Structure formats: structure tokens, C-alpha cells
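Q: I am new to this structure and would like to learn how its features are read. May we begin with a single loop residue and then turn to larger features?

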Amino acid sequence: MQSRVKHIESLLSFGSTGVLTVGIWGMGGIGKSTTAEAVYKRNSHKFEGRYFFRDVRKESKSHGVFHVRKKILGGVLETKVPNIDTTELPPDIKRMLQRKKVLIVLDDVSDAQDLKFLVGEDG
């Protein structure tokens with residue numbers, strides 16, 4: 001487990017100023033969520049904004065991907081976020097995100113379109 005955590009940490013380039021996305025995928029039950037949670041717990045203090053979203057697939061199916069995005073944004077920005085019913089984020093939300101170094105972990109994402117929507121074109 002420790003070696004997997006260290007490997008993921010090496011991919012994250014914590015000194016980077018750009019957008020970085022790291023995916024962990026594989027069969028169920030091999031420790032992907034456990035590894036992601038360990039990386040998050042060890043490193044979230046290095047970020048101004050952070051959010052660990054468990055079971056994106058279930059939440060997205062139950063409440064929709066816009067709801068998932070709203071929860072993530074509210075958690076990262078530590079504020080109440082209005083409903084945003086467009087794929088594009090409003091400029092003020094974008095500015096707030098661009099000023100912060102953030103760590104977002106999306107656990108159990110099975111739909112590629114949901115991932116693309118939540119992470120964005122650049123992520």
C-alpha cells in the first residue's frame with residue numbers, strides 16, 4: 001500500500017502551478033479508493049482548497065452531475081455555490097478557482113462524460 005501511495009504522490013508534481021490530473025483505475029476490490037484516500041489524507045494540508053468526493057457514480061445517478069459539481073465547488077471554495085445549470089462555469093467561480101491551489105479526489109467515477117464534465121477540458 002505504501003508503495004502505491006508514494007507512486008501516486010510522485011505523479012502529482014506538488015510544485016506544479018498548472019492543472020494536473022491523475023487517474024487510478026482497475027478492477028473492483030484492488031484498493032483504488034483506499035490508495036486515493038491515503039494520498040488525500042497525507043497531502044491535503046498542502047492545498048488551499050480540497051475535497052474528497054466518495055461514490056461519484058451513485059451521487060451522479062441519484063441527483064445528477066450538476067449536483068455533484070455544486071458539492072465539489074462548495075467544498076473546495078468553502079462557500080455556498082449557486083445552482084449552475086450550464087456546462088461552462090461562471091467567470092467569478094473560475095477566478096476563485098484560478099487563485100487557489102486545490103486537490104480534488106473523485107472516487108468511483110464510471111462515466112467518462114461525467115468525468116469530462118467535472119474535470120473540464122483542461123483537466
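A: Asp55 is found in the loop that joins strand E1 (49–53) to helix H3 (56–63); helices (H or I, at least four residues) and strands (E, at least two) are DSSP runs numbered from the N terminus. The model is a predicted one, in which local features need pLDDT of at least 70, side-chain atom pairs count only at pLDDT 80 or more, and totals for chains, interfaces and linings use all residues. Residues are numbered from 1 along each chain as its sequence is written, and side-chain values use heavy atoms, with hydrogens and water left out.

Q: What is the phi of Asp55, and is the residue buried or exposed?
A: Its phi is near 55 degrees, a positive value in a residue other than glycine. Buried means under 20% relative accessible area, exposed over 50%, and partly exposed in between (1.4 Å probe, protein chains only). Asp55 counts as partly exposed because its relative accessibility is 28%. Glu78, in the loop between H4 and helix H5 (91–98), also has a positive phi, of about 55 degrees, although it is not a glycine. Glu78 is exposed because its relative accessible area is 62%.

Q: Which residues make up the largest nonpolar core?
A: In soluble globular proteins, nonpolar side chains tend to be buried together. A nonpolar core is a set of buried Ala, Val, Leu, Ile, Met, Phe, Trp, Tyr and Cys residues joined through side-chain atoms within 4.5 Å. Here the largest has eleven residues: Val5, Ile8, Leu12, Phe14, Ala36, Val39, Tyr40, Phe47, Phe52, Leu103 and Val105. Helix H1 (2–12), helix H2 (32–43) and strand E2 (102–106) each supply at least two of them. Apart from this core lies another of eight residues, including Val56, Val65, Ile72 and Leu118.

Q: Why does Glu9 count as buried, and what does it touch?
A: Glu9, in helix H1, counts as buried because its relative accessibility is 13%. Contact means heavy atoms within 4.5 Å. Not counting residues up to four places away in sequence, Glu9 touches Phe14, Val39, Arg42 and Asn43.

Q: How do helices H4 and H6 pack?
A: Axes are lines fitted to C-alpha atoms, for helices over the stretch in contact, and angles run from 0 to 180 degrees between N-to-C directions. Helix H4 (residues 65–77) and helix H6 (residues 112–119) pack at about 35 degrees, their axes 10 Å apart. The contact is made by Val65, Phe66, Val68, Arg69 and Ile72 of H4 with Asp114, Phe117 and Leu118 of H6.
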